[in-house]
Amino acid sequence: MAEFSFDPHQHAAGAAMEPLPDGKYTMSVIDSERRTPRSGDGEYIQLALRVMSGKYEGRVIFHRLHVVTANATTRRIAEAELASICRAAGIDNLNDTAQLHGIPIIVTLGHRRDAGGQTLNVPRSYAPFRDIHPVDVEITPVVPATPTRR
C-alpha cells in the first residue's frame, strides 16, 4: 500500500479513450509479459504496442497471445500471430519476448466487442516497417508543373 493524499474534486475527470480507427499504424512492442489466465490453466503473452507516429502517437494497445492452452485452435492462432510479429520485426529465432521491444513494425488494427460490449482494438496483421507506408504518416503529394506553351 502506498500512502498518498489526493482530492479528486480538485481535478477534471479523464475522458474514456476511444479505440483507434481501423487502419495501418507504425507501432513497436514496448512491453511483454508471460501471464497465467484467471482460469489458472495455460499461459499467454501480453504485448503492449505503442503507436510511434502520426495523430495517435503515444497511444498504447494491449494484445494477448494464448501460446499455452489446451485448445489447439487457439494455440495455432497465437503461434501464427507470434510468427507474423517475429517476421515483421526481422527476428528469426525468438528466445525472449524482449527481443521484440522497440522495433518498428506496421500493425493493421481492427475492432471487436468484448463480453461486456466494449469495443476494443485488435491487431489483424503485421508487416515490416520498410515494406508499407502506414496511413498515420502524412505524405505530401507532388504536383506536376503546368506545361508552358511556346
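So, starting at the N terminus, the elements of this chain run β-β-β-α-β-β. That gives one helix and five strands. Keep in mind, please, that we're looking at a predicted model. The chain has 150 residues, and 30% of them count as buried. Its accessible surface comes to about 10,800 Å², with 51% of that belonging to carbon and sulfur atoms.

How do the contacts spread along the sequence? If you take the contacts with a separation of 6 or more, 45% of them are between residues 24 or more positions apart.

Okay, let's go inside. In soluble globular proteins, nonpolar side chains tend to be buried together. Here, the largest nonpolar core has 23 residues. Which residues have the most contacts inside it? Those are Leu65 and Leu100. As for who contributes, the elements giving two or more residues are strand S1 (23-35), strand S2 (43-51), strand S3 (60-68), helix H1 (72-89) and strand S4 (105-113). The largest share is from H1, with six residues.

Let's zoom in on leucine 100. Setting aside residues up to four places away in sequence, Leu100 touches Val29, Leu82, Ile85, Cys86, Ala89, Ile91 and Leu94. Pick cysteine 86 out of that list, which you'll find in helix H1. Buried or exposed, what is cysteine 86? Its relative accessible area is 9%, and buried means under 20%, so cysteine 86 is buried. Along the chain, cysteine 86 and leucine 100 are 14 residues apart, and their C-alpha atoms are separated by 7.3 Å. If you again skip residues up to four places away, cysteine 86 touches Ile91, Leu94 and Leu100. Ile91 and Leu94 should sound familiar: leucine 100 touches them too.

Now over to strand S1, where we find serine 28. With a relative accessible area of 7%, serine 28 is buried. What is serine 28 in contact with, leaving aside neighbours within four places? You can click through these on the structure: Ala48, Leu49, Arg50, Met52, Gly102, Ile103 and Pro104.

Staying in strand S1, have a look at isoleucine 30. This one is partly exposed, at 33% relative accessible area. Beyond its neighbours within four places, isoleucine 30 is in contact with Ala48, Arg50, Val60 and His101. So where do Ala48 and Arg50 come up again? Serine 28 is in contact with both of them. And here's a nice pair to find on screen: isoleucine 30 and histidine 101 are 71 residues apart in sequence, while their C-alpha atoms are 5.2 Å apart in space.

Isoleucine 30 also belongs to something on the outside. Together with Val60 and Phe62, Ile30 makes a nonpolar surface patch of about 240 Å². Valine 60 sits in strand S3, and is partly exposed with a relative accessible area of 30%.

Next stop, a loop. Threonine 97 lies in the one between H1 and S4. Why does threonine 97 count as buried? Because its relative accessibility is 17%, and the cut-off for buried is under 20%. Apart from neighbours within four places in sequence, threonine 97 is in contact with Ser32 and Ile45. With serine 32, there's a polar contact, side chain to side chain, at 2.6 Å.

Last topic: charges. How many salt bridges does a search of the whole structure find? Two.

One of them joins glutamate 33 and arginine 35, with the closest N and O atoms 3.2 Å apart. Glutamate 33 is partly exposed, at 36% relative accessible area, and arginine 35 counts as partly exposed as well, at 29%.

The other joins glutamate 43 and arginine 34, and there the closest N and O atoms are 2.6 Å apart. Glutamate 43 is partly exposed, with a relative accessible area of 27%. What about arginine 34? At 54%, arginine 34 is exposed, because the line for exposed is drawn at over 50%.

To recap, then: a chain with one helix and five strands, a largest nonpolar core of 23 residues, a nonpolar patch made by Ile30, Val60 and Phe62, and two salt bridges. That's it from me, thanks.

Definitions and conventions. Residues are numbered from 1 along each chain as its sequence is written. This is a predicted model: local features need pLDDT of at least 70, side-chain atom pairs count only at pLDDT 80 or more; totals for chains, interfaces and linings use all residues. Side-chain values use heavy atoms; hydrogens and water are left out. A nonpolar core is a set of buried Ala, Val, Leu, Ile, Met, Phe, Trp, Tyr and Cys residues joined through side-chain atoms within 4.5 Å. Buried means under 20% relative accessible area, exposed over 50%, partly exposed in between (1.4 Å probe, protein chains only). Helices (H or I, at least four residues) and strands (E, at least two) are DSSP runs, numbered from the N terminus. Contact means heavy atoms within 4.5 Å. Patches are made of residues with over 30% relative accessible area and no salt bridge: like charges are joined within 9 Å, nonpolar side chains (Val, Leu, Ile, Met, Phe, Trp, Tyr) within 5 Å. Accessible areas come from the Shrake-Rupley method with a 1.4 Å probe; for residues, only the protein chains shown count as cover. A salt bridge is a side-chain nitrogen of Lys or Arg within 4 Å of a carboxyl oxygen of Asp or Glu. A polar contact is a pair of N or O atoms within 3.5 Å; within protein, one must be able to donate a hydrogen and the other to accept it, and residues adjacent in sequence count only if both atoms are side-chain atoms.
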